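Hi everyone, thanks for making time for this. I'd like to walk you through one structure, piece by piece, so keep it open while I talk.

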Amino acid sequence: PEADGRKIDDRLSEATRLSMRLSSLGRAARSKAGIKVRQPLARVQFKLRSDGEAELLTSIGDQVKDELNVKDISVLEDETEVSEFEVRGNPALLGPKYGAESKAVVSALSNADPVEVYAAAGSGRSVAIGGFEVEPEEINVLKTDRDGFAVADEGGYVAAVTTAISPELASEGAARELVHIVQNMRKAAGFDIADHIVTFYDGPSELESVVAIHASYIRQETLSDSLSPEPAPEAAHIEEHSVDGLQARLAVTKV
């Protein structure tokens with residue numbers, strides 16, 4: 001039983017470490033795309049280092065999805081789905097080493113499978129190409145994100161988030177942004193954390209649509225007994241804000 005307990009603890013520790021690593025890498029991919037975490041995204045894919053980690057992903061998936069605010073999570077089997085690769089030789093090293101044969105090495109590299117070369121060089125292994133044994137430092141691999149993806153990698157792991165934002169996701173993102181703003185307004189107004197409020201809003205029709213669709217979520221998160229498009233009373237705490245680009249006049253009063 002004691003040994004079994006240690007195995008369980010080790011498994012939990014491994015899952016925790018993997019969750020933290022993947023969440024950090026996913027946030028780096030979001031940051032690369034310039035998409036704030038409050039904006040939900042459709043999907044994140046992870047390239048992992050073992051089948052065991054793929055099994056662990058099923059147990060930590062919900063936690064990672066919450067951390068990254070994504071709707072779906074999966075294992076990335078083929079990195080070429082999200083990235084493009086181009087292999088080039090490092091002339092500063094190839095020239096002195098191979099002399100007149102350096103052009104042949106460069107040609108062999110350009111015709112090689114860039115993903116295989118990238119994988120080998122990234123693991124610190126030499127690459128046998130065209131009769132030459134090319135060392136990792138003699139290879140430059142250019143990696144670019146495919147349209148629709150933001151990709152981050154570290155230590156053999158890869159995170160790829162989809163960057164396309166549907167109208168439904170955009171609406172949910174605006175609702176989350178509105179909640180964030182109202183929560184800050186509660187603090188600025190000096191309300192107690194348990195105080196119920198009325199939230200007033202005045203903005204374009206797009207904002208009215210966001211409030212209508214996500215009214216229950218907004219009320220629950222901000223303790224708003226009601227969300228009113230009517231003019232706010234003079235005693236209300238009033239601020240002007242941009243809610244994901246939607247200019248709005250917001251106000252809160254304590255019930």
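**Strands, helices and a few odd residues**

Let's start with one pair: Arg43 has Asp72 as its bridge partner in E2. To get from E1 to E2 the chain passes through H2, and this β-α-β crossover is right-handed. Before I go on, please keep in mind that this is a predicted model.

So, how do E1 and E2 run relative to each other, parallel or antiparallel? They run parallel, and five bridges join them, with E1 covering residues 41-47. You can follow the pairing along the strand. Leu41 stands opposite Val70 in E2, Arg43 has Asp72, and Gln45 faces Ser74, again in E2.

Now look at the other neighbour, E8. E1 and E8 pair in the antiparallel sense, over four bridges. One spot to click on is Val44, which stands opposite Val161 in E8.

Okay, zoom out a bit. What is the strand order in this sheet? It goes E2-E1-E8-E7, an open sheet of four strands with mixed pairing. At the edges you find strand E2, residues 70-75, and strand E7, residues 149-154, and each of these pairs on one side only. From one strand to the next, the twist averages 15 degrees.

And what about that helix in the crossover? H2, residues 51-68, lies across E1, E2 and strand E8, which is 157-162. The helix runs at about 160 degrees to E2.

Between H2 and E2 there's a loop, and Asn69 sits in that loop. Here's a bit of background. Most residues other than glycine have a negative phi. Now check Asn69: its phi is near 55 degrees, a positive value in a residue other than glycine. Is Asn69 buried or exposed? Its relative accessible area is 7%, and the cut-off for buried is under 20%, so Asn69 is buried.

There's another residue like that further along the chain. Leu223 is not a glycine either, yet it has a positive phi of about 55 degrees. You'll find Leu223 in the loop between helix H8, residues 215-222, and strand E10, residues 224-228. With 26% relative accessibility, Leu223 counts as partly exposed.

That brings us to the other sheet I want to show you. This one is also described as open, with four strands in the order E10-E9-E12-E11 and mixed pairing. E10 and strand E11, which is 237-243, stand at the edges with a single partner strand each, so one side of each has no neighbour in the sheet. On average, neighbouring strands here are turned by 25 degrees against each other, ignoring direction.

Strand E9, residues 197-202, pairs with E10 in the parallel sense over four bridges. As an example, Thr199 has Leu227 as its bridge partner in E10. H8 lies across E9 and E10, and runs at about 130 degrees to E10.

Next, helix against helix. When two helices pack, we describe them by the angle between their axes and the distance between the axes. So what are those values for H6, residues 167-188, and H7, residues 205-213? Their axes come within 9 Å and cross at roughly 85 degrees. Angles of 65 to 115 degrees count as roughly perpendicular, so H6 and H7 are roughly perpendicular to each other.

Which residues meet there? From H6 it's Ser171, Ala174, Ala175 and Leu178, and from H7 it's Val210, Val211 and Ile213. By class, that contact has six nonpolar residues, one polar and no charged ones.

While we're in H6, have a look at Gly173, which lies in this helix. At 2% relative accessibility, Gly173 counts as buried. Which residues does Gly173 touch, apart from its neighbours within four places in sequence? It's in contact with Arg38, Gln39, Pro40 and Asp244.

Last stop: Asn90, in the loop between strand E3, residues 83-89, and helix H3, residues 91-98. At 18% relative accessibility, Asn90 counts as buried, since the limit is under 20%. Not counting residues up to four places away in sequence, Asn90 touches Glu137, Glu138, Ile139 and Asn140.

That's my tour. Any questions?

Conventions
Residues are numbered from 1 along each chain as its sequence is written. This is a predicted model: local features need pLDDT of at least 70, side-chain atom pairs count only at pLDDT 80 or more; totals for chains, interfaces and linings use all residues. Side-chain values use heavy atoms; hydrogens and water are left out. Two strands pair if DSSP finds at least two bridges between them. Helices (H or I, at least four residues) and strands (E, at least two) are DSSP runs, numbered from the N terminus. Axes are lines fitted to C-alpha atoms, for helices over the stretch in contact, and angles run from 0 to 180 degrees between N-to-C directions. Contact means heavy atoms within 4.5 Å. A crossover is right-handed if, with the strands pointing away from the viewer, the path from the first strand over the helix to the second runs clockwise. Angles under 35 degrees count as roughly parallel, over 145 as roughly antiparallel, 65 to 115 as roughly perpendicular and the rest as oblique. Ala, Val, Leu, Ile, Met, Phe, Trp, Tyr, Cys and Pro count as nonpolar, Asp, Glu, Lys and Arg as charged, and the others, Gly among them, as polar. Buried means under 20% relative accessible area, exposed over 50%, partly exposed in between (1.4 Å probe, protein chains only).
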